[in-house]
Each structure stands twice: as C-alpha cells, then as structure tokens.
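Here are some worked exercises to try with the model open in your viewer. Have a go at each task before you read its solution.

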Amino acid sequence: MTGGSTTGDDGSVPVTAGSTAPDSATGGTGTAPTAAGTTAGQAVIPVAAPALAAAWPLWEVFVRSSRGLSHVHAGSLHAPDADMAVRNARDLYTRRNEGVSLWVVPASAIIASDPDAKGRFFESPQGKDYRHATYYTKSEGVKHL
Amino acid sequence: MSGETMSGQEHFDALIAADARVEPRDWMPEGYRKTLVRQISQHAHSEIIGMQPEANWITRAPSLKRKAILMAKVQDEAGHGLYLYSAAETLGTPRDQMTADLIAGKARYSSIFNYPTLTWADMGAIGWLVDGAAICNQVPLCRASYGPYGRAMVRICKEESFHQRQGFEILLELANGTAAQRDMAQDAINRWYAPSLMMFGPPDEDSPNSRQSMAWNIKRFSNDELRSRFVGMIVEQVKVLGLTLPDTDIRYNEETERWEHGPLDWKEFSEVLAGRGPCNSQRLARRREAHEDGAWVREAAAAYAARQAGSVGAGAVSNETGAA
Amino acid sequence: MSSDSATRITPGNALRPEDIAAAGTRADRDTAAYALRLGDDALVLAQRLGWWISRAPELEEDVALGNIALDLIGHARSFLSYAGSADGRTEDDLAYWRNETEFRSAHLVEQPNGDFARTIARQLVVSFYQFELYGSLQHSADPTLAAIAAKAVKEVDYHRDHSAQWVLRLGLGTAESRGRMIRALELTWPYVGELFDDDELAASLGDRAVLPSSLKPAFDRGIAAVLRQAELEVPAVPSAPGGGRRGQHSEHLGYLLAEMQVLARDHPGAAW
C-alpha cells in the first residue's frame, strides 16, 4: 500500500515543463474557454481547479510501467484528497497490469510553460547541431568512437 | 518558427495544415473548442449511459465467466467515460458541468443506448455490432487533431479490443447452441442491426457539421464512408455465425467501391434523438438518481479532505488505515 | 516508446480459476464442503457488489467497486471449481443449479446493498474477515486451498484498505454521512458473529482449514483501529443466530438467487 505521499517511491518531485506538462493541468480554467486569444504573456501560469460545490479536485496520474522506466503521464481523475487519488489511480489506470508504481499530483500544482513563449523558450536549441554526435562526420567509420 | 510573430489563428491553421496536434493551451478558434467540447462530452455521456443496457444483465449472466467478462466490460465503460470527460475538461468545462447538463436532459448521447436489452443475446449483439460500429468510429479518432482527445481514444481503443470479440463469442456460442439460443441470437441481431448502422450519424448530405470537423482534422472519414466500411465487415462476420443480417439489399458497388445497404428509418432515429425512444427517460432517470444519491458521499469526502488539509496540513492525511 | 509505456497492457501470470478446474485435483468431500462456504461467500457478495456498477457515487467509485467485485468473482470461481471437483460438478453447476438451502453463504454477504454507507460497512467486515482468513489459509496443508488463498489475500488486503478509507471519510465527513455510517454499522453488526462460529467441519479438517474463531482477535483489533480513527464505535446491537453454513439463510438470499439463476435455468444443459 502506498502512503500519504504523492511524490512517489523515489522521493523525487515529477518536474514538468514544456511539452511533458499534463493536459488537464495546462488546459483548465487558466486559459478561459471564452477567450479567443486570451492567453496573455506571463511565462509561468499556475492553474486553479474549478470550484463547484463538493466537486472533487482534478489529479494527474503518472504510471511507471516497469522497474527501470520513468513514470509517464497516463491521464487524470477526480478524487477528494491525495489518499483517494492514488487509490483511484490504481483502480483506473492499472487494471490491465499497466504499472508497478504510481504518482498522483494535484492538477493545480503543476506549473506549465507558456505556449506563447514558445519562441523565447524553445528556439535556442534549434540549429545547434554541434550538440549532437551526428554533426561530426569526419570521424565516421572510426571504431568504438 | 516563432510563436510570437504569428497570430493565434495563423499558428492554429499551420498546425492543422501540417496535420500536427493542437494542445490544450494553444490558441484555438471558438468554434473548434465548442465542437470539441460538444463531441467529446457526447462521447463521454454515451459511455456512461451505455453502461446501463449492459449492466441490466450483470446480475443474470448465465455463467460466472460471462458475469466476470460483462462486469469488466461495463466497468471499462465507466473508465472510458472518465477518460473522455478528462479530455473535455482540458477545454475548460469541468466534469460536474457536463454531468449537470446530462442529467438535466440538455446534452446528447448516442441514441442507441435508448433501446432496451431484452435478452442475453443482446449482450452479444451489443458487443459485436454496437461496439463494432463504435470501434470503426473511434480508430480514426486516435488521430484527431486535438491531442488529449486522440490520446484518450488510444487508451480506449486498446481497452476495447476485447469488447467486440467477447460479444461475437457470445453470439457464436448461442448460434451453436440450442434452437432457443439460436433464435435468441438471430432476434438480437435483427433488433440491433439498423440502430448500429445509424450510430455513424445521418447520411453525409444531411450532416452539416461533418465538413467542418473534417477540415479541422477532428473527423477523418465521413459518416457514410465509415458506415459502408462497417457493413462490409459484418456481412462477412455474420457468415461465421451462420446467422443473417436483416437486410437483403446489402451489396458491394464496384463503381463507388462502397458497400451499400437497405434504407434506414431515419424518422425513428430522429424520434429517439428527440427523446421519444423506448428508454430515454429511464436512462436519464437512472443517471440522475445515481448522481443525486451519491451527493452526500461526495460531500462527505470533500468535507473530510478540507478538514484534514486544515488540521494537519497536506501530505499527512490518515496514516493508512490502521489496518496493518 | 515511453508514451506507449503508460498504456502497455499484459494479462499477467497469476493463478486463474480455469487453472484450478484444469489441474484436475479432486477435493475430498469435507474439503469440498469447506471450499463451498468460501466460494459462496465470495459469489453472493460479488453478486451484490456488481449492482453498484453504473450506480456509484462517482465514476471513480464505479470502477473501484467493479474491481472488488471482479476479485471476488475470481475467488468464487476458484473455490467453486475446487469444491465441484469432489463430485464432477463445474463452478456453474454449483452456482446456478443449487437451491437456496444448498448454499453455504453467511448472512452478512446476503444483506442488501442499502445506501453506500451500508455497502461500505458490509465491505469493512467482510474484507477484514477475509484478510485474516486467507492470511491463515495460504498456509493450509491443502495445496489448492493454499494457492487460492495466497492470491486472494493480496486482493482482499486492498479491499480492506478501500473500506477503511471510506469508513474514515463517511465517519468524519458531514453530519449526514456520520449518521448514515453509524446506522450502517448497527444494521451490519448483528451478522458479524456468524463469521467466527466454529463447527464440526472446520474442526475436523485440522491444518487444511482455518478455525473461524481463531481469526476473531486479529479481526477485532483491525476493526477497532479503523473505527477509532473514524471516531466510531462497535455498535452495541444483539447478534443474529446465523445458520448460513447449515443452509439456513436470511430472507434475502432467495431473491438474489432467483435473479442470478433465472436465465441459466431457463435453458437446462445449454452452454454460454
């Protein structure tokens, strides 16, 4: 049985950024549905959960499918608290043997990068081929290199 | 390419043109968002309402193996509804809102679940025909342009792979069983055939929303294309059962390279859609009842969570169960 | 691909009910009678819980209760397959073709679902009882019973956790939930005693079976811990006499079986 911790068995907090940010967390009420073009330019936007009477908050679920692999975002669910969230995650996302470990994270706790800052955030690595082994063609054919 | 130098619309159009995926926080046209919320929530409602006709037979399943399979299948449908609600929630509509719309009778779901399950053979026919039609619809949706929808569909399609097979095998057992079982199977196919064909939606010329959905890469094939493909599959499969489809007009049209079928009663379809099907009010009442009966439970859990958060702080909730 | 890994599915390789039937091990008459009790408890409770699927307080709970019901159906099928091996009957022969008085379930599992609190109270008792039971039975001298119990104990450990979590939330949630939980415990407790009644059969099987009374102290401790945490008490209500192990059942079982068996009995000899 898993304890009250939501950070998983190796104690590391699942840091999410950019493209790995879970869907629900990044799409909730933070970017209001009304809004053609409301995504204003803050670089970091915490997303609040919707507050309906007695509505259970949203959680993001990460599943480790077997030892040696990372936890991967599997989906979301609703639960009243962390203890129930990790149990609901077990019941929902591992009933076909999908996992050996689970993380649940309140969707509202995930900080996502701003899609409007795509250029500012993600342009820099483009074109820096020299960070990749394939850039170095002259040594091709040399063994064990 | 820099996002800052393109308008939201240009960026969106570029994604669609490149057959790339739109993600939750991307700018998207209001119509696209609305179409998705409508389609995904309808799809979710269909899974949830669709639990009822089959749950109707869980307590009476004729063998323990079949009981387990049926329970697992109906349970899967709850899961599928849940995955889909989650996908819709990424567009800014909370699940509670969608549930409220459903039980208020303001939302649509697949008409087919307003037909009653009268015999055990209906479990077979639903698995084979209804899930079969659903799978034809759903496989292309795995490539829907909206990322969360496509990802939910990938999971659903994987899980559903057993649904159609178990239905077919129920019918196969019945077809090879006693005369009464065989009659039961044929009767179920007769009743579910036309409604399952109508699951693909109205003919293309009467489906105004389809064209826009296809332009947005939400829908990949037209209603009639998918329906024709489905007819081509089941016309062969029914031979394995040694039973027949209640349609003598099925034929392959060499010219159009499409399977054709006899006329469908679209008047009945719109009647059921308008709420005048055999089980519409029963299905909604049952969902409303479950939701309302569960309110005190949801409130209790929320109140407990609030109290724990207030008194001990996050992460230090109950020390397990005291059970160890 | 790592994105695939979140949806990678496999059947696993644990003991299945079909394996028990296929193994061809024949239980002797007394062991079969004992297995029948365990199987009937699991079957009747699964039949009850299955009703919740599509009616639970939230979708997540539809799935959770469904998982528990499926575990129990699995246990029932294994125990009944083994019980039937004594005289060449299948799990379905036993489930569908015995009459009420031939069932050996305890009154507790026959109790109606009631509201969610009542179902949870029943789950609390059954799961803590079965956890102790299978925990002991996995060391049975009978290898088949031991094998079934060894798988089942891990599953009911989760059922125990599930019910305890809910008792906590209903007990400490709102005034309404607390009232309902207290009432549910009162309605449930008369049927607790029967689970721990010893009789000749259990005694005569020695180290092949588990003496029900031997489970009571650990059961009491576990239940007390949960109730204490939920600020609830074991209700002071009189015990009902039971009799399920002798075929004397509650009024509820007949209806449950009528529904469960109706289709199978309409078609004698049919395969499904």
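**Exercise 1. Chain C as a whole**

Task: work out how far-reaching the contacts of chain C are in sequence, and then describe its overall build.

Solution.
- Step 1: take contacts in chain C between residues at least 6 apart in sequence; 80% of them join residues at least 24 apart. Contact here means heavy atoms within 4.5 Å.
- A word on ground rules: this is a predicted model, where local features need pLDDT of at least 70, side-chain atom pairs count only at pLDDT 80 or more, and totals for chains, interfaces and linings use all residues. Residues are numbered from 1 along each chain as its sequence is written, chains are lettered from A and ligands numbered from 1 in the order in which they are written, and side-chain values use heavy atoms, with hydrogens and water left out.
- Step 2: look at the secondary structure, and you'll find 12 helices and zero strands in chain C. Helices (H or I, at least four residues) and strands (E, at least two) are DSSP runs, numbered from the N terminus.
- Step 3: chain C has a radius of gyration of 19 Å, close to the 19 Å that the globule rule gives for 272 residues, so chain C is as compact as a globular protein of that length. The radius is taken over C-alpha atoms, and the rule is 2.2 Å times the number of residues to the power 0.38.
- Step 4: the C-alpha trace of chain C spans about 60 × 55 × 40 Å along its principal axes.
- Step 5: 60% of the 272 residues in chain C count as buried. Buried means under 20% relative accessible area, exposed over 50%, and partly exposed in between (1.4 Å probe, protein chains only).
- Step 6: for charges, chain C has 27 positive and 39 negative ones, with mean positions 1 Å apart. Lys and Arg count as positive and Asp and Glu as negative, while His and the chain ends are not counted; each charge is placed at NZ of Lys, CZ of Arg, CG of Asp or CD of Glu.

**Exercise 2. Same treatment for chain B**

Task: how many helices and strands does chain B have, and what do its global numbers look like?

Solution.
- Step 1: chain B has 13 helices and two strands. Its radius of gyration is 22 Å, close to the 20 Å from the globule rule for 324 residues, so chain B is as compact as a globular protein of that length.
- Step 2: the C-alpha trace of chain B spans about 65 × 60 × 35 Å along its principal axes, and 59% of the 324 residues are buried.
- Step 3: among contacts in chain B between residues at least 6 apart in sequence, 76% join residues at least 24 apart.
- Step 4: chain B carries 36 positive and 42 negative side chains, and the centres of the two sets lie 3 Å apart.

**Exercise 3. The cysteine pair that isn't bonded**

Task: why is there no bond between the sulfurs of Cys142(B) and Cys157(B)?

Solution.
- Step 1: a disulfide is a pair of cysteine sulfur atoms within 2.5 Å. Over all chains, the structure holds zero disulfides.
- Step 2: the closest cysteine sulfur to that of Cys142(B) is in Cys157(B), 3.7 Å away, which is too far for a bond.
- Step 3: check accessibility too. Cys142(B) is partly exposed at 22%, whereas Cys157(B) is buried at 19%.

**Exercise 4. Loop residues**

Task: place Tyr115(B), Ser63(B) and Trp51(C) in their loops, and say whether each is buried or partly exposed.

Solution.
- Step 1: Tyr115(B) sits in the loop between α5 (95-103) and α6 (121-141) of chain B, and is buried with a relative accessible area of 14%. Leaving aside neighbours within four places in sequence, its contacts include Trp192(B), Pro195(B) and Arg283(B). Tyr115(B) and Trp192(B) are 77 residues apart along the chain, yet their C-alpha atoms are separated by 8.8 Å.
- Step 2: Ser63(B) lies between α3 (51-55) and α4 (64-89) of chain B and is buried at 7%. Not counting residues up to four places away in sequence, Ser63(B) touches Asp92(C) and Tyr96(C).
- Step 3: Trp51(C) is in the loop between α3 (29-50) and α4 (59-84) of chain C, and at 34% is partly exposed.
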